[in-house]
Protein chains: 2
Amino acid sequence: MAANNEFVGGKVMTTLYQHGTLALLVPGLFTGTQTVGELLKHGDTGIGTLEGLDGELIIMDGIVYQVNAMGQVRVVNADETVPFANVHKAHPQPKIAVEDASSDALKQIALKELKTENLFAAIRVDGEFSQMHTRAVLPQTKPYPTLAATAEGQHEFNATNIKGTIIGYFSPVIYAGAVAAGFHLHFLSEDHVMGGHILDFDLAKGNLQIETFDNFNLHLPVHDPDFLETKINAKQAMRDIAKAEN
Amino acid sequence: MAANNEFVGGKVMTTLYQHGTLALLVPGLFTGTQTVGELLKHGDTGIGTLEGLDGELIIMDGIVYQVNAMGQVRVVNADETVPFANVHKAHPQPKIAVEDASSDALKQIALKELKTENLFAAIRVDGEFSQMHTRAVLPQTKPYPTLAATAEGQHEFNATNIKGTIIGYFSPVIYAGAVAAGFHLHFLSEDHVMGGHILDFDLAKGNLQIETFDNFNLHLPVHDPDFLETKINAKQAMRDIAKAEN
């Protein structure tokens, strides 16, 4: 394997790795096409979902946690598979202290720090949240329904005064279809009992870290017959992603 | 540097490398942000343009040829720079014999061979063309105009009964914005006197080779202030790309 980060002229080249393409989830391509073990070769930090759209993954320090639709949290095994996931090798970044910020306010702070909306970036927030509102999708079985139908059956979770970590990404809008444009954030509580795909939150106090990427490496499931054969309606896919991921 | 192609489980992993993102050409970001020497570390075959949108590049066997707006062909030096280019490490592929095919017919044959519209693929055709119709854009100087304005000043070239090579790519429609969706093909005559961005052709007799990619590696010009600061109107970019690249 090539390393995910390369030294070029003494400078670290950073790479955001993605297995799968978001638009392919829209018609229901939820088959796991990469093992978690293989995924972790490309990074130690990230987000994703398991085969069948089984819950929300949050990856920290090389450990993959799943928050399932019952709200339960467990560590995922290396031989389980993902239809879609993002990972990167995290490098320590300056910590930006933030207090009393809503999810919208935190996103604005992150964009101001980024100084651009044209790069892919990783977001990490460690802190205390006065409220955290998440969701996790229900696992589906074959024949898989569409992403939109799956989103209708998701479960939501609420917590107050909870410590934990946000992991996720900012992606420029021109890559919508491959990725969820804008912010895509997952949460895991410090005690590993609550988490999921973030709907909204209020941060009481915490540290924000941002890392930008030189490279976006899109790895496609080239051996999955369903992936190869499915016809994508690009416009419909964009609309359904916007609906399901927000 | 990591190799552009990796062996995984005894199998070659193929990668399409791209420097820059097509949507950023739309508002006129034509500054060269990668040297040709650096580009060639990621592949020996491909297409692109030089700083200022100076002509059409076609890359074969590690040599970069430029067709300028006067229709002249020359070999490009390693220290010249590109705002946008695609390269890959070409592997020998089965040769598909094709006779009497228009450009539209050849694209249909390529899609039939691909058996999918969801993967990135390289296209190469070596053959005799009863007619070849190309264009090359005029070099621009700062302050750069928009891509649409540049396309209006392009020069077109026609040749009949000409031998040569087509190099280019097929890209799935969901990645429009990052890339030109569909086919994006350049031509160079065997005697190196005619070429450019292909508008249409008739192939008398030739061989088609197709190579699909496991990975699409998008490398962004993260140190270019103009790239970082420019606001992209994603919808407008899509429309202007469709106009300028076809």
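Residues are called buried under 20% relative accessible area, exposed over 50%, and partly exposed in between. These classes are applied below to a predicted model.

The two chains are considered first as a pair. Chain A can be laid on chain B with an RMSD of 0.0 Å. The operation is a turn of 180° with a shift of 0.0 Å along the axis. The two copies are thus related as by a two-fold rotation axis. In chain A, the C-alpha nearest this axis belongs to Asn217(A), at 2.2 Å from it. Of the interface residues of chain A, 100% are also interface residues in chain B, so the copies meet through the same surface.

The nonpolar interior was examined next. The largest nonpolar core holds 80 residues. Phe120(A), Tyr175(A), Leu220(A), Phe120(B), Tyr175(B) and Leu220(B) touch the most other members. Tyr175(A) shows how contacts extend from one chain to the other. With neighbours within four places in sequence left aside, Tyr175(A) is in contact with Phe120(A). The other contacts of Tyr175(A) on this count are Thr21(B), Ala178(B), Leu218(B) and Leu220(B).

Helix H2 of chain B spans residues 103-114. This helix has 12 residues and reaches 16 Å from its first C-alpha to its last. That span is close to the 16 Å expected at 1.5 Å a residue. An α-helix has 3.6 residues a turn, so residues three or four places apart point the same way. The buried residues of H2(B) are Ser103(B), Leu106(B), Ala110(B), Leu111(B) and Leu114(B). Seen down the axis of H2(B), these buried residues fall within an arc of 140°, so they line one face of the helix. Asp104(B), Gln108(B) and Lys112(B) are exposed on the other side of H2(B). The cover over the buried residues of H2(B) includes E11 and E12 of chain B. It also includes strand E13 (155-171), strand E14 (182-189) and strand E15 (195-212) of chain B. Lys115(B) follows H2(B) and has a positive phi, near 65°.

Charged side chains were then paired. The count comes to 12 salt bridges over all chains. Three of these pairs are described here. In chain A, the side chains of Arg74(A) and Glu80(A) meet in a salt bridge, at 2.7 Å from N to O. Arg74(A) is partly exposed, with a relative accessible area of 34%. Glu80(A), at 18% relative accessibility, counts as buried.

In chain B, Lys89(B) and Asp44(B) form a salt bridge through their side chains, at 3.5 Å from N to O. Lys89(B) lies in the loop between strand E10 (84-88) and strand E11 (96-102) of chain B, and Asp44(B) in the loop between helix H1 (36-39) and strand E5 (45-49) of chain B, so the pair ties together parts that are 45 residues apart in sequence. Lys89(B) is partly exposed, at 37% relative accessibility. Asp44(B) is buried, at 19%.

Arg124(B) and Asp126(B) also form a salt bridge, at 2.9 Å from N to O. Relative accessibility is 23% for Arg124(B), which counts as partly exposed. Asp126(B) is likewise partly exposed, at 26%.

The backbone was also searched for departures from the usual geometry. Most residues other than glycine have a negative phi, and most peptide bonds are trans. In chain A, a cis peptide bond joins Lys142(A) and Pro143(A), with omega about -5°. Pro143(A) lies in the loop between strand E12 (121-136) and helix H3 (147-152) of chain A. In chain B, the peptide bond from Lys142(B) to Pro143(B) is cis, with omega near -5°. Pro143(B) is found in the loop between strand E12 (121-136) and helix H3 (147-152) of chain B.

Positive phi values were found in chain A too. Leu53(A), a residue other than glycine, has a positive phi near 60°. The place of Leu53(A) is in the loop between strand E5 (45-50) and strand E6 (54-60) of chain A. Leu53(A) is buried, with a relative accessible area of 4%. Asn161(A) is not a glycine either, yet has a positive phi of about 45°. Asn161(A) is placed in strand E13 (residues 155-171) of chain A. At 68% relative accessibility, Asn161(A) is exposed.

Terms used. Residues numbered from 1 in each chain as written. Chains lettered and ligands numbered in written order. Predicted model: local features only at pLDDT ≥ 70, side-chain atom pairs only at ≥ 80, totals over all residues. Heavy atoms only, no water. Salt bridge = Lys/Arg side-chain N within 4 Å of Asp/Glu carboxyl O. Buried < 20%, exposed > 50% of the residue type's maximum accessible area, 1.4 Å probe, protein only. Helix = DSSP H or I, 4+ residues; strand = E, 2+ residues; numbered from the N terminus. Core = buried A, V, L, I, M, F, W, Y, C linked by side-chain atoms within 4.5 Å. Contact = heavy atoms within 4.5 Å. Least-squares fit on C-alpha atoms with pLDDT ≥ 70 in both. Expected span 1.5 Å × (residues − 1). Arc of directions from axis to C-beta.
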